[in-house]
Amino acid sequence: KRKGEHYLMEKMFIMLCCGAGMSSGFLANQARKAAKKKKMDVTIEARSHTDVASYLSSISILMLGPHYGGEIDKWKTLCDPHNVPVVVIPQDVYAQLNGDALLDLAVKTINK
């Protein structure tokens, strides 16, 4: 990785997890637009929490809606065997549907 490159070379698959999926669907859209602007090769999908388990072998990171903050340990237990980091989307990022901030958080977390 050359100095100054802030994206991953492999294709990134970001999974947003929420209850009903409306607001995270909008947030996923904004993040896709941000990724396109940055010319990043990334898949961003919003799924119901009931769908997550079937994606664990293919996702790069699981991003939980703020209302799942209290359940992060449960999600980490599910994701750890697959080496999938789990992060709670900050309330402001979620509320403002800030795709850029979401993308930055995902990349920072994965690169840790």
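**Close-up views of a predicted model**

**View 1. Ser60 sits in the loop between β2 (42-48) and β3 (61-64).** The model is predicted. Ser60 has a relative accessibility of 17%. The cut-off for buried is under 20%, so Ser60 counts as buried. Beyond its neighbours within four places in sequence, Ser60 is in contact with Lys11, Met12, Phe13, Val84, Pro85 and Ile110. One of these contacts, Phe13, reappears in View 3 as a bridge partner of Thr43.

**View 2. Four strands form an open sheet.** The strand order is β2-β1-β3-β4, and the pairing is parallel. β2 and β4 stand at the edges. Each has a single partner strand, so one side of each lacks a neighbour in the sheet. From one strand to the next, the twist averages 25°. Strands of a sheet pair through backbone hydrogen bonds, in either a parallel or an antiparallel sense.

**View 3. Strand β1 (residues 12-18) pairs with β2.** The two strands run in the parallel sense. Seven bridges join them. At Phe13, the bridge partner in β2 is Thr43.

**View 4. Helices α2 and α4 meet the sheet.** Helix α2 (72-79) lies across β1, β3 and β4. Its direction makes about 160° with β4. Helix α4 (residues 99-111) also packs on the sheet. Helix α4 touches β1, β2, β3 and β4. The angle between the directions of α4 and β3 is about 135°.

**View 5. Lys39 has a positive phi.** The value is about 55°, although Lys39 is not a glycine. Lys39 is placed in the loop between α1 (22-37) and β2. Which class does Lys39 fall into, buried or exposed? Its relative accessibility is 75%. The cut-off for exposed is over 50%, so Lys39 counts as exposed.

**View 6. Asn83 has a positive phi in the loop between α2 (72-79) and β4 (86-88).** Phi is about 55° at Asn83, which is not a glycine. The relative accessible area of Asn83 is 70%. Asn83 is therefore exposed. The loop of Asn83 leads from α2 to β4, and β4 is an edge strand of the sheet. Helix α2, at the other end of this loop, lies across β4 as well as β1 and β3.

Notes
Residues numbered from 1 in each chain as written. Predicted model: local features only at pLDDT ≥ 70, side-chain atom pairs only at ≥ 80, totals over all residues. Heavy atoms only, no water. Buried < 20%, exposed > 50% of the residue type's maximum accessible area, 1.4 Å probe, protein only. Contact = heavy atoms within 4.5 Å. Pairing = 2+ DSSP bridges. Axes fitted to C-alpha atoms, helices over the stretch in contact; angles between N-to-C directions.
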